[in-house]
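Thank you for making the time this morning. I would like to walk through one model with you, beginning with its metal site and moving outwards from there.

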Amino acid sequence: MAKEAIGEKLVQELAKRGGEPPARFLQKEENRPTGVSPPALGIPVVDLSRLFEPDSAEVVLQLDSALRTWGLFQVLSDDMSASFLDEVRSVAQEFFYLTKEEKLKYKNQTNDGEFKLEGYGNDIVVTEDQLRDWNDRLYLLVQPENKRNLELWPDSPSSFRSILHEFTIKSRKIASNILVATAKLLELEENYFSDQLGEDGSAYARFNYYPGCSKYDAVIGMKPHSDASVVTLLLTDKDVEGLQVLKDGEWFTIPTVPNALLANLGDQMEIMTNGIFKSPVHRVVTNPQERISVVMFYSPNDEKYIEPINNLVTEERPKLYKKVMVKEYIESLFETFAQGKRALDFAKI
Ligand SMILES: O=C(O)CCC(=O)C(=O)O
Ligand SMILES: [Fe+2]
């Protein structure tokens with residue numbers, strides 16, 4: 001396959017040039033987001049500190065129902081002040097506003113043009129006719145800290161690294177608390193999921209930039225997918241909506257709650273809970289104006305295996321998923337995603 005220079009593929013550069021998006025971005029008529037998707041109702045905004053108080057029964061019930069139906073909820077935490085979340089959004093925006101040359105110092109391609117998971121650029125291209133998403137991203141491993149590839153961490157804006165580090169630490173605390181709450185809902189030992197993640201589990205940060213598009217209804221910001229993670233935390237754009245979730249064959253818009261993070265479960269959680277909790281299929285639609293999001297994905301160590309938890313497999317609910325190796329599962333997700341397929345379908349028994 002001919003290897004294009006990465007700078008020619010950046011969506012931000014295409015958007016700057018204006019005009020029609022190239023054919024490789026144009027969705028088939030039947031896959032285009034049409035009309036206005038109704039808001040996803042019944043997604044609770046959960047104050048994490050309240051979740052562990054003695055009078056939390058009502059919140060716990062709301063959370064349980066949200067995880068069984070939507071697989072997501074909004075989370076407020078004292079550790080993430082509104083001003084700190086704004087700082088995270090702001091360093092993300094400043095990074096994408098750097099010149100192309102500055103950003104390409106961190107490109108997700110080797111000098112031979114091979115795709116790298118980490119760094120700045122676009123998705124892996126598996127087939128030449130692959131439909132492309134209208135976004136650029138910066139993808140970085142943030143935990144375990146000793147595995148960070150700091151040469152790919154932007155040094156501009158100057159606070160980028162320290163803010164990302166702080167966001168990593170605070171997000172991890174929230175993710176761990178969510179995993180404890182989740183285990184309790186299923187009457188598992190409370191550290192069951194947080195132990196799976198352990199000290200050597202991985203966290204990846206993904207900064208998404210969706211340029212505004214003149215033909216915003218003909219392209220897609222991010223194709224329908226579910227995340228490979230155990231759990232994902234998402235800081236959405238403060239003003240511009242775009243994230244949608246699929247339920248019963250219909251797309252619903254996730255309303256923006258400026259000071260909250262959206263927590264969504266990923267495929268590894270659906271596998272471990274034998275399908276009791278959902279890994280929601282979601283997509284991002286494009287707008288006339290730009291949109292930025294910052295996402296944290298949590299997974300156990302690459303070498304671990306996961307499978308449905310024994311206690312959650314019963315006669316009425318037989319085992320739905322095979323045992324999978326974390327590393328192989330995540331790699332398969334990148335490839336299936338590029339082809340518009342779902343990795344979870346391949347893990348089904
Ligand atoms: O930009 C968003 O709101 C969602 C991004 C997303 O789903 C992802 O990065 O996996
Ligand atoms: Fe996602």
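Let me begin with a definition: a residue is called buried when its relative accessible area is under 20%, exposed when that area is over 50%, and partly exposed in between, computed with a 1.4 Å probe on the protein chains only. You are looking at a predicted model, in which local features need a pLDDT of at least 70 and side-chain atom pairs count only at pLDDT 80 or more, while totals for chains, interfaces and linings use all residues. Residues are numbered from 1 along each chain as its sequence is written, chains are lettered from A and ligands numbered from 1 in the order in which they are written, and side-chain values use heavy atoms, with hydrogens and water left out.

I will start with the metal. The iron ion, which is ligand 2, has as its protein donors His225 through NE2, Asp227 through OD and His282 through NE2, at 2.1 to 2.3 Å. Donors here are N, O and S atoms within 2.8 Å of the metal, or 3.2 Å for Na, K and Ca, and since water is not among the atoms, sites may look incomplete. Along the sequence, the donor residues follow the spacing H-x1-D-x54-H. Asp227 sits in the loop between strand S6 (220-225) and strand S7 (231-235), whereas His282 belongs to strand S11 (residues 282-285), so this pair ties together parts that are 55 residues apart in sequence. Helices (H or I, at least four residues) and strands (E, at least two) are DSSP runs, numbered from the N terminus. Both Asp227 and His282 are buried.

Which residues come nearest to ligand 1? Of the 14 residues around it, those are Tyr210, His225, His282, Arg291 and Ser293, where a residue counts as near if one of its heavy atoms lies within 4 Å. Two of these residues also place polar side-chain atoms by oxygen atoms of ligand 1, with Ser293 at 2.7 Å and Arg291 at 2.8 Å. For Asp227, a polar side-chain atom is 3.3 Å from an oxygen atom of ligand 1.

Now to the sheet that holds His282. Four strands, in the order S6-S11-S8-S9, make an open sheet with antiparallel pairing, two strands being paired if DSSP finds at least two bridges between them. Its edge strands are S6 and strand S9 (250-253), each of which pairs on one side only. On average, neighbouring strands of this sheet are turned by 30 degrees against each other, direction ignored; the axes are lines fitted to C-alpha atoms, for helices over the stretch in contact, and angles run from 0 to 180 degrees between N-to-C directions.

S11 deserves a closer look. S6 and S11 run antiparallel and are joined by three bridges, with Ile220 opposite Val285 and Met222 partnered by Val284. Strand S8 (residues 243-247) also pairs with S11 in the antiparallel sense, over three bridges, and there Val245 stands opposite His282. Both faces of S11 are covered, since His282 and Val284 on one side are buried, as are Arg283 and Val285 on the other.

The model has another open sheet, of eight strands in the order S1-S2-S10-S7-S12-S5-S4-S3, and its pairing is mixed. S1 and S3 stand at the edges with a single partner strand each, so one side of each has no neighbour in the sheet. The average turn between neighbouring strands of this sheet is 25 degrees, direction ignored. S3 and S4 run antiparallel, joined by three bridges, and Gly119 has Tyr139 in S4 as its bridge partner.

Asp123 lies in the loop between strand S3 (119-121) and strand S4 (136-143). Is Asp123 buried or exposed? Asp123 is buried, because its relative accessible area is 15%. The side chains of Asp123 and Arg137 are joined by a polar contact of 3.2 Å, meaning a pair of N or O atoms within 3.5 Å, where within protein one must be able to donate a hydrogen and the other to accept it, and residues adjacent in sequence count only if both atoms are side-chain atoms.

I will finish with a helix. Helix H7 (residues 160-185) has 26 residues and reaches 37 Å from its first C-alpha to its last, close to the 38 Å expected, that expectation being 1.5 Å times one less than the number of residues. After H7 comes Glu187, with a positive phi near 55 degrees.
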